[in-house]
Amino acid sequence: MTLNVNGADHELDAAPDTPLLWAIRDHLKMTGTKFGCGMAMCGACTVHMDGQPIRSCSMPVQATAGKKITTIEGVSSPAGSPIAKVVQQAWNESQVVQCGYCQSGQIMSAIALLEKNPNPSDADIDSAMSGNICRCNTYHRIRGAIKDASEKLG
């Protein structure tokens, strides 16, 4: 099967029910996307499929046929989204990261939010980010970084 990740097609020899997360991490060796709960509840494994945030731990790779998958490596590349660059800069300036484990999923959800809604309210941010859990409890910094990115993009 062919998997399009970060703008490149990859031939993959994997069972159709293999979770997308393991195709990305184990087969393609892109380790920026993290394994968290394995039940699509924590958001650590968030990637974009055709621009929408999805949980890669629960998405069978066969369901991604013909879709464009973007990982944290893809948005961080020179060809990545300009919104991603502003979000990552805001993340650094706000010193959001503590342990950092959930951050790639948090950033992927934040980028998807700002691509859809460039001027989100606190309620919009809380709603969009509610599926991403941070065990370090940096939610106030995450919200602040998203607000900063929104202002810079505005």
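**Helix packing and the mixed sheet**

Helix H3 (residues 82–93) packs against helix H4 (residues 103–116) at an angle of about 130°, and their axes lie 10 Å apart. The model described here is predicted. An angle over 145 degrees would count as roughly antiparallel and one of 65 to 115 as roughly perpendicular, so H3 and H4 are oblique to each other. Their crossing is right-handed. On the H3 side, the contact is made by Ile83, Ala84, Val87, Gln88 and Trp91, and on the H4 side by Gln103, Gln106, Ile107, Ala110, Ile111, Leu114 and Glu115. Sorted by class, the residues in this contact of H3 with H4 comprise 8 nonpolar, 3 polar and 1 charged.

H4 also packs with helix H6. Here the angle is about 40° and the axes are 11 Å apart. Angles under 35 degrees count as roughly parallel, and H4 and H6 are therefore oblique to each other as well. The crossing of H4 and H6 is again right-handed. H4 contributes Gln106, Ala110, Leu113 and Leu114 to the contact, while H6 contributes Ile142, Ile146, Ala149, Ser150 and Leu153. This contact of H4 with H6 has 7 nonpolar and 2 polar residues, and no charged ones. Gln106, Ala110 and Leu114 are named on the H4 side of the contact with H3, and these three residues are named again on the H4 side of the contact with H6.

Ser150 offers a closer view of the H4 and H6 contact. This residue is found in helix H6 (residues 139–153). With a relative accessible area of 5%, Ser150 falls under the 20% limit and is therefore buried. Which residues does Ser150 touch, leaving aside its neighbours within four places in sequence? The contacts are with Leu114, Pro118, Asn119 and Pro120. Leu114 lies 36 residues away along the chain, yet the C-alpha atoms of Ser150 and Leu114 are separated by 7.0 Å.

Attention now turns to the sheet. An open sheet is formed by 5 strands in the order S2-S1-S5-S3-S4, and the pairing is mixed. Strand S2 (8–11) and strand S4 (52–55) are the edge strands, each pairing on one side only. From one strand to the next, the twist averages 40°. S1 pairs with strand S5 (residues 68–70) in the parallel sense, over 2 bridges. In this pair, Asn4 has Lys68 of S5 as its bridge partner. H4, already described in its contacts with H3 and H6, packs on the sheet too: H4 touches strand S3 (46–49), S4 and S5, and its direction makes about 35° with that of S3.

The remaining pairings can be followed along the strand order. S1 and S2 run antiparallel and are joined by 4 bridges. Within this pair, Thr2 stands opposite Glu11 of S2. S1 and S2 form a hairpin with 2 residues between them, and Asn6 in the turn has a positive phi of about 55°. On the other side of the sheet order, S3 and S5 pair in the antiparallel sense over 2 bridges, with Met49 opposite Ile69 of S5. S3 is joined to S4 by 4 bridges, and these two strands run antiparallel. Val47 stands opposite Ile54 of S4. S3 and S4 form a hairpin with 2 residues between the strands, in which Asp50 takes a positive phi near 50°.

In a regular strand, side chains alternate between the two faces of the sheet. How do the residues of S3 point? Thr46 and His48 point one way and Val47 and Met49 the other way, and all are buried.

Finally, the start of the chain can be placed beside these strands. Met1 is found in the segment before strand S1 (2–5). Its relative accessible area is 36%, a value between the 20% limit for buried and the 50% limit for exposed, so Met1 is partly exposed. Not counting residues up to four places away in sequence, Met1 touches His10, Glu11, Leu12, Ala14, Pro16, Val61 and Gln62. Of these, Glu11 is the residue of S2 that stands opposite Thr2. Met1 and Ala14 are 13 residues apart in sequence, and C-alpha to C-alpha they are 7.8 Å apart in space.

Notes. Residues are numbered from 1 along each chain as its sequence is written. This is a predicted model: local features need pLDDT of at least 70, side-chain atom pairs count only at pLDDT 80 or more; totals for chains, interfaces and linings use all residues. Side-chain values use heavy atoms; hydrogens and water are left out. Buried means under 20% relative accessible area, exposed over 50%, partly exposed in between (1.4 Å probe, protein chains only). Contact means heavy atoms within 4.5 Å. Axes are lines fitted to C-alpha atoms, for helices over the stretch in contact, and angles run from 0 to 180 degrees between N-to-C directions. A crossing is left-handed if the near helix is turned anticlockwise from the far one by less than a right angle, and right-handed if clockwise. Ala, Val, Leu, Ile, Met, Phe, Trp, Tyr, Cys and Pro count as nonpolar, Asp, Glu, Lys and Arg as charged, and the others, Gly among them, as polar. Two strands pair if DSSP finds at least two bridges between them.
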